[in-house]
Amino acid sequence: MRVSCVQITSGSFVILQFLFDLLPSSSGLGHRIFNPATRVQISLGAFNFNYYWRAKFMSVLVVLGTQWGDEGKGKVVHYLAEQADLIVRYQGGNNAGHTLIYQGEPFVLHLIPSGILFPEKTCVITNGVVIDPKAFKEEIDILHSKRIPTDKRIFISEQAHVILPYHRIIDGIFESYNIKIGTTKKGIGPAYADKVNRLGIRVIDYLEDSVFKELLEKNLNAKAPILNSQNVNIAKLRQEIITEHNELAPFLKRFVLDTRLLLEKSINNNKKILFESAQGSLLDLDFGTYPFVTSSNPTVGGICCGAGIEPKKIKNILGVVKAYTTRVGEGPFTTELSNKVGDILRYKGQEYGATTGRPRRCGWFDAVIVRHSSKVNGINHLILTKLDCMAGLDKINICVAYKYKGNIYKDFPASRTIQKSAVPIYEEMDGFTGKIKGITKFNDLPINAQKYVKRLEQLVGVKIDLISLGRKRDEVIEVTENINWFN
Ligand code: IMO
Ligand code: MG
């Protein structure tokens with residue numbers, strides 16, 4: 001065989017990837033020289049073969065929430081995880097709550113990616129996440145009690161920051177005298193605040209005894225005024241943290257590595273990687289309903305900083321969207337229904353927080369926020385969930401724009417005043433009835449349900465490719481069949 005010519009369509013430097021591909025990947029040489037748009041022409045006698053690398057490349061998929069969380073990301077990730085090699089969390093902490101069904105029983109994960117339920121998958125928690133070592137151990141213990149193996153399948157970044165008991169205490173204190181956000185009180189905001197203040201303790205610091213003790217002292221000193229103001233016994237708190245540390249540091253150690261490097265190697269070895277956001281895009285620190293947001297970036301940009309991935313490597317961005325809207329905690333919610341319809345949605349959708357058990361606020365579909373999410377994230381596929389929970393309503397409203405002081409807003413406004421006081425402009429549609437659960441073909445849905453889905457698609461400007469009609473993995477309609485989500 002003679003390789004007669006190497007043609008590089010993207011202008012980058014490539015030396016016969018084909019030959020490298022023939023090397024075993026264990027040699028460390030194979031698969032190393034990559035370019036997504038590289039074409040190598042190989043001549044065999046009179047025949048020319050074009051060898052494309054693109055088909056084997058770009059296998060990074062992102063699953064994000066497009067509203068205020070609880071869109072059903074857990075189920076979608078579980079559905080797609082079967083096709084992935086690695087499932088990755090890149091932001092947030094144990095404030096997330098993903099309800100899954102395992103061996104017929106509902107099961108909630110807060111920190112560990114839902115891919116853990118597939119024995120051959122690897123789960124990664126990267127630097128952008130804040131990790132509560134105690135909560136992490138509790139989750140591992142639960143997995144073990146269910147006989148789900150965790151060894152060499154879960155990795156946490158040495159650069160992730162840890163949540164310690166004082167973060168949880170401060171989260172509670174802030175809630176009582178700052179603006180009430182309605183946080184999960186897991187210490188998420190205070191841990192990210194320490195990171196930004198350069199006082200944070202990373203996993204690698206937590207593992208180094210002397211470094212940890214020095215940083216702990218610095219932190220307790222810095223936080224003494226606020227802790228004293230609530231009569232917290234700092235000596236007792238210090239002892240509690242040190243005792244926990246003695247047990248948790250050796251436990252944590254076996255899961256820790258450089259996750260950025262792991263992801264880089266995995267991408268170079270054509271592994272399929274699925275990133276899952278922990279919160280919805282409207283809870284994003286920058287693009288959400290600030291200050292009623294979480295303290296990290298669940299939007300797609302969070303992946304680049306939170307995991308160390310090049311933006312160019314991200315291929316598909318899936319937005320999970322609920323057929324109506326919910327929110328937990330405080331903050332603006334233009335389409336909120338404080339009436340019987342809201343109660344019906346809460347009852348039918350079982351809208352109670354997976355992390356805190358709080359009843360979720362419920363309302364009509366808000367196309368303004370979902371359009372905003374789709375633009376901020378560059379969403380190219382939508383997955384609609386809980387359509388079945390809307391069956392039985394006589395009329396359905398969709399918010400197409402906001403109105404405030406005579407002005408119409410089609411794009412999500414940043415002003416707190418407008419977010420709080422704008423009124424929704426609704427488009428009314430006829431409702432649908434009947435048993436929706438169990439349907440697997442789009443055309444078998446009641447005609448009004450089909451019209452509703454099509455209208456949502458139009459208003460958001462992205463195709464709805466999958467519809468989920470229940471918690472179980474197989475309760476889905478593949479509107480677009482045979483999608484290769486990773487390519
Ligand atoms: P999943 O994974 C819904 C909300 C809290 C609060 C705000 C800030 O189920 O989509 P935090 O504790 O993060 O500082 O609280 O964010 N919040 C969520 N709401 N689902 C979640 O996760 C959430 N995680 C945080 O209710 O309003
Ligand atoms: Mg939740």
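This passage describes the predicted model of a single chain with its bound ligand, moving from the overall fold to the central sheet, the core, the ligand shell and some local backbone features.

In the predicted model, the secondary structure of the chain comes to 14 helices and 23 strands. Of its 487 residues, 43% count as buried. Among the contacts in the chain with a separation of 6 or more, 72% are between residues that lie 24 or more positions apart.

An open sheet of ten strands, with mixed pairing, follows the order β12-β10-β8-β5-β13-β4-β14-β18-β22-β23. Its edge strands are β12 (256–257) and β23 (476–478), each of which pairs on one side only. In general, the strands of a sheet pair through backbone hydrogen bonds, in either a parallel or an antiparallel sense. Strand β4, which spans residues 60–65, runs parallel to β13 and is joined to it by five bridges, while its pairing with strand β14 (residues 314–322), also in the parallel sense, extends over six bridges. Leucine 61 stands opposite leucine 274 in β13 and opposite asparagine 316 in β14, and the bridge partner of glycine 65 in β14 is valine 320. Strand β4 is mostly covered, with six of its six residues buried. Val60, Val62 and Leu64 point one way from the strand, whereas Leu61, Val63 and Gly65 point the other way, and all of these residues are buried.

The burial seen in β4 leads on to the nonpolar core. In soluble globular proteins, nonpolar side chains tend to be buried together. The largest nonpolar core has 105 residues, of which Val63, Ile131 and Leu274 touch the most other members. Helix α14 (residues 447–460) provides the largest share of this core, six residues. Domain 2 (60–132 + 259–478) and domain 3 (161–253) both give residues to this core, so the core lies between them. When residues up to four places away in sequence are not counted, leucine 274 touches Leu61, Val63, Val77, Leu80, Ala81, Ala84, Ile87 and Val88. Three of these partners, Val77, Leu80 and Ala81, are also listed among the buried residues of α2, together with Lys73, Gly74, Lys75, Val76, His78 and Tyr79. Because nine of the nine residues of helix α2 (residues 73–81) are buried, the helix is largely enclosed by the rest of the structure.

Turning to the ligand, 24 residues are found around ligand 1, and those that come nearest are Gly69, Ala96, Thr184, Thr294 and Gly329. By class, this shell has eight nonpolar, 14 polar and two charged residues. Both α5 (188–196) and β13 (273–280) supply at least two residues of the shell, and the largest share, three residues, comes from β13. Domain 2 (60–132 + 259–478) and domain 3 (161–253) both give residues to the shell, so ligand 1 lies between the two domains. In helix α5, the buried residues are Ile188, Gly189, Pro190, Ala191, Tyr192 and Asp194, and what covers them includes β9 (130–131), β11 (161–162) and α4 (165–177).

Several local backbone features were also noted. Most residues other than glycine have a negative phi, and most peptide bonds are trans. Just after α5, however, arginine 198 takes a positive phi of about 60 degrees. Aspartate 70, in the loop between β4 and α2, likewise has a positive phi, near 60 degrees, and this residue counts as buried because 29 C-beta neighbours lie inside 10 Å. Lysine 386, in the loop between β18 (381–385) and β19 (395–404), has a phi near 60 degrees as well and is buried, with 25 other C-beta atoms within 10 Å. The peptide bond from tyrosine 290 to proline 291 is cis, with omega near 5 degrees, and proline 291 is found in the loop between β13 and α10 (301–307).

A contrasting environment is found at asparagine 246, which lies in helix α8 (residues 234–253). Asparagine 246 is exposed, with 10 other C-beta atoms within 10 Å. From C-alpha to C-alpha, asparagine 246 and leucine 207 are 9.9 Å apart in space, although 39 residues apart in sequence.

Definitions and conventions:
Residues numbered from 1 in each chain as written. Chains lettered and ligands numbered in written order. Predicted model: local features only at pLDDT ≥ 70, side-chain atom pairs only at ≥ 80, totals over all residues. Near = placed C-beta within 6 Å. Helix = DSSP H or I, 4+ residues; strand = E, 2+ residues; numbered from the N terminus. Nonpolar A, V, L, I, M, F, W, Y, C, P; charged D, E, K, R; others polar. Domains from an automatic or database assignment. Buried ≥ 20, exposed ≤ 12 C-beta atoms within 10 Å, placed from the backbone. Core = buried A, V, L, I, M, F, W, Y, C linked by C-beta atoms within 7 Å. Contact = placed C-beta atoms within 7 Å. Pairing = 2+ DSSP bridges.
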